[in-house]
Amino acid sequence: MASIKRYKFKLSNEQLLEILYWLKLIRAFDERLSVLVRQGRVRSGVYSSIGQEAIVVGTCFGLEKEDYICPLHRDLGTFLMKGVSPGVMMAQMYAKATGLSKGRDSALHSGVPELGIFGNTSMLGANTPVAAGLALTFKLEQRRNVVLAYFGEGAANTGDVHEAMNVAAVHKLPVVFVCENNIYAYSVPIEKSMAIEDVADRAEAYGFDGVAINGNDVLAVYQAAQGAIARARAGDGPTLIECKTYRWHGHSEHDPAFYRTDEELAMWKSRDPLTTFTTYLRHRQVLTDEILIEIDQRVIREIDEAVAFAENSPDPDPSEAATDLLA
Amino acid sequence: MAREITYLDAIREALREEMRRDPQVFVLGEDVGAYGGAFGITKGLQEEFGEYRCLDMPISESCIIGVSVGASLRGFRPVAEMQFGDFITCGFDQIVNQAATLRYRYGGRVACPIVVRAPVGGNVAGGLYHSQNPESWFVHRPGLKVVAPSTAWDAKGLLKAAIRDNNPVIYLEHKYLYRRAKGPVPEGDEVVPIGQAAVRREGSDITLVTYAAMVMASLEAAERLSKEGVEVEVIDLRTLSPWDKGAVLASLEKTNRLAVVHEDVKTLGLGAEISATVMEERFEHLDAPVMRVTYPDSHCPFSAVLERENLPNADKIADALRKLAAY
């Protein structure tokens with residue numbers, strides 16, 4: 001089997017299959033969460049990334065342990081790829097004592113310093129100044145590590161994102177700004193919130209490169225990310241990668257998303273990052289039926305185990321409702 | 001060895017000593033670099049420690065604090081300067097939602113050792129946006145510590161304590177005291193512990209609880225009352241969160257009368273909290289209602305005539321103390 005040659009950053013067949021595994025694991029995790037929230041087992045705080053998985057996988061694949069990620073609320077997959085087990089992530093969603101925040105908050109509001117994961121607040125875009133701070137320390141310590149800062153096209157309009165991009169540019173900080181443009185900021189379509197077509201255009205105003213890419217093509221995302229990461233590691237400063245994509249579900253699992261048409265959704269489903277990549281791998285003769293079954297079974301097993309772990313985990317101790325406030 | 005220096009110089013001395021002691025300590029803010037800060041606090045620090053340990057930042061308060069949070073996550077101890085305490089509103093989210101919640105939402109697995117220095121207070125011809133006293137906003141939020149020194153000694157010792165503390169500390173430095181509060185300051189490494197009030201004057205008739213610039217005015221009023229035969233015990237809180245309840249209650253048990261004086265506005269100021277606490281825990285010790293001498297619920301006007309009308313001073317405090325003694 002030939003390895004991929006047409007890209008600058010080459011991937012072995014094993015790596016391509018690993019990418020497929022991650023795409024499938026993240027998809028399966030979000031699909032299961034969608035069911036669990038409807039069953040009332042998970043209370044809320046579920047922001048599905050279904051349809052956007054290629055961005056998470058394409059940007060995180062190949063990151064070093066010391067590299068830092070500052071994900072947005074939809075990027076549960078980044079936690080998995082950076083090394084948090086599916087069980088712990090599921091327990092976090094269940095608000096169990098074994099979750100990252102021990103039940104203090106839902107979703108991705110908790111981080112893991114030793115794995116280079118920052119957990120943001122609900123204030124979208126507020127993670128980007130923190131990303132700049134993390135990147136500043138890499139610069140001060142003369143390390144070759146990078147920080148990936150994720151935000152949506154909605155958060156692109158916050159002051160924090162502007163301030164962070166500007167500061168990162170001034171000091172050539174090793175940040176890769178990843179804009180997940182899924183067209184809707186909750187219900188408001190992009191044309192109602194900005195007068196330009198590409199968020200990527202804003203990078204030029206700060207003094208660094210911005211590129212708009214197909215966010216549903218995991219290899220395109222990977223190539224763009226690797227280029228930006230290499231520049232950041234070399235001390236050449238930040239890059240903005242705008243990934244055009246679409247979320248299949250509503251803003252949260254509680255949002256029926258009446259503000260968009262069935263035709264629009266169907267069109268984007270035809271650009272499913274998983275289907276596209278699977279077809280590609282088959283075309284390249286990297287993927288066989290046996291391997292596909294093997295991956296699917298592994299994913300189902302891991303999600304089942306994660307749910308079991310969360311279900312069997314204890315609730316937080318009520319005595320800890322007002323602890324861990326101060327160090 | 002202690003020698004007499006100003007409050008302003010004491011702050012700079014604490015910064016310099018801490019930066020020499022610990023290479024992870026760095027300063028960032030607007031104009032803090034070659035210019036030395038709007039008040040000259042950071043003068044000479046960039047020269048000694050280089051561009052990145054005394055870092056000029058754009059007018060981006062939110063980013064200044066967000067960068068500090070990010071740096072703290074990688075073991076640094078940033079000291080962020082808000083040019084004026086009034087500007088802290090532009091970084092409010094990064095303080096109350098980001099820094100203050102970090103440890104809680106991480107399940108206690110992380111600390112956030114940042115200091116936000118904020119020059120506060122009126123009586124300096126500052127007008128609406130250069131005179132405010134924002135302490136109650138931060139005292140009201142869990143996950144933060146708030147200190148407000150009144151002497152040069154404490155300005156140094158409390159800043160050292162704040163920098164070494166593993167929590168976000170809001171360090172409120174009163175502009176009126178910068179050059180007026182001159183006094184003995186130890187040359188050595190003396191830390192003033194956070195959470196401990198200081199008795200500035202002993203007395204057996206009335207307990208007066210105050211802090212920051214109002215300590216001076218309160219001591220002056222206490223001297224006047226002493227000539228009238230009323231001995232006022234003046235307690236300087238020094239730390240506003242967590243405030244030293246033990247010291248206040250112990251003094252009240254001796255005097256049975258309590259006055260609270262602060263430059264912050266009356267409604268939901270520290271006086272309200274202290275008064276309510278005393279009511280809950282030492283009701284039987286009160287021989288008179290708790291009295292508050294505070295700023296009215298007003299903005300800080302620019303005109304000297306108007307500002308004088310609003311500011312608490314020794315006359316107003318003495319009047320209240322006489323009423324309290326006569327009750």
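Where is Pro242(B) found? Keep that question in mind as you open the model, which is a predicted one. Select Pro242(B), and you will land in the loop between strand 12 (239–241) and helix 9 of chain B.

**Stop 1: an unusual peptide bond**

Stay in this loop and show the backbone atoms. The peptide bond from Ser241(B) to Pro242(B) is cis, and its omega is near 0°. That is worth a pause, because most peptide bonds are trans.

**Stop 2: helix 9 of chain B**

Now select residues 245–255 of chain B, which make up helix 9. Which residues of this helix are buried? Colour Ala247(B), Val248(B), Ser251(B), Leu252(B) and Thr255(B), since these are the buried residues of helix 9 of chain B. They cover an arc of only 130° around the axis, so they sit on the same side of the helix. A general rule helps here: an α-helix has 3.6 residues a turn, so residues three or four places apart point the same way.

Turn to the other side of helix 9 of chain B, and you will meet Gly246(B) and Glu253(B), which are exposed. What do the buried residues of the helix pack against? Their partners are strand 10, strand 11, strand 13 and helix 10 (270–282) of chain B. Before you leave, click on Asn256(B), just after helix 9 of chain B, where phi is positive at about 65°.

**Stop 3: strand 10 of chain B**

One of those packing partners comes next. Select residues 206–210 of chain B to show strand 10, where 5 of the 5 residues are buried. In a regular strand the side chains alternate between the two faces of the sheet. You can follow the pattern here: Ile206(B), Leu208(B) and Thr210(B) point one way, while Thr207(B) and Val209(B) point the other way.

Add strand 11 (residues 232–236) of chain B to your selection. It runs parallel to strand 10 of chain B, and 5 bridges join the two. Look for Thr207(B), whose bridge partner in strand 11 of chain B is Glu233(B). Then add strand 13 (residues 258–265) of chain B, which pairs with strand 10 of chain B in the parallel sense over 3 bridges. In this pairing, Val209(B) has Val260(B) as its bridge partner.

Finally, show helix 8 (residues 214–227) of chain B. Together with strand 10 and strand 11 of chain B, helix 8 makes a right-handed β-α-β unit.

**Stop 4: a sheet in chain A**

Move over to chain A and switch to a cartoon view. In what order do the strands of the open sheet come? The 5 strands are arranged 1-2-3-7-6, with parallel pairing. Strand 1 (68–70) and strand 6 (209–214) of chain A stand at the edges with a single partner strand each, so one side of each has no neighbour in the sheet. On average, neighbouring strands of this sheet are turned by 20° against each other, direction ignored.

Zoom in on strand 2 (residues 147–152) and strand 3 (residues 175–181) of chain A, a parallel pair held in register by 6 bridges. Here Ala149(A) stands opposite Phe177(A). Then select residues 127–140 of chain A: this is helix 5, which lies across strand 1, strand 2 and strand 3 of chain A. Helix 5 runs at about 170° to strand 2 of chain A.

**Stop 5: where the chains meet**

Show both chains. How many residues of chain A are in contact with chain B? There are 33, and they touch 32 residues of chain B. Helix 5 of chain A, from the last stop, gives the largest share of this side of chain A, 9 residues. By class, the side of chain A that touches chain B has 17 nonpolar, 10 polar and 6 charged residues.

**Stop 6: two positive phi angles**

Most residues other than glycine have a negative phi. Select Lys102(A), in the loop between helix 4 (86–93) and helix 5 of chain A. Its phi is positive, near 55°. Is Lys102(A) buried or exposed? Lys102(A) is buried, because 24 other C-beta atoms lie within 10 Å.

Last, select Ala125(B), in the loop between strand 5 (115–120) and helix 5 (135–139) of chain B. Ala125(B) also has a positive phi, about 55°. Ala125(B) counts as exposed, because it has 11 C-beta neighbours inside 10 Å.

Conventions: Residues numbered from 1 in each chain as written. Chains lettered and ligands numbered in written order. Predicted model: local features only at pLDDT ≥ 70, side-chain atom pairs only at ≥ 80, totals over all residues. Buried ≥ 20, exposed ≤ 12 C-beta atoms within 10 Å, placed from the backbone. Helix = DSSP H or I, 4+ residues; strand = E, 2+ residues; numbered from the N terminus. Pairing = 2+ DSSP bridges. Right-handed = clockwise from strand over helix to strand, strands pointing away. Axes fitted to C-alpha atoms, helices over the stretch in contact; angles between N-to-C directions. Contact = placed C-beta atoms within 7 Å. Nonpolar A, V, L, I, M, F, W, Y, C, P; charged D, E, K, R; others polar. Arc of directions from axis to C-beta.
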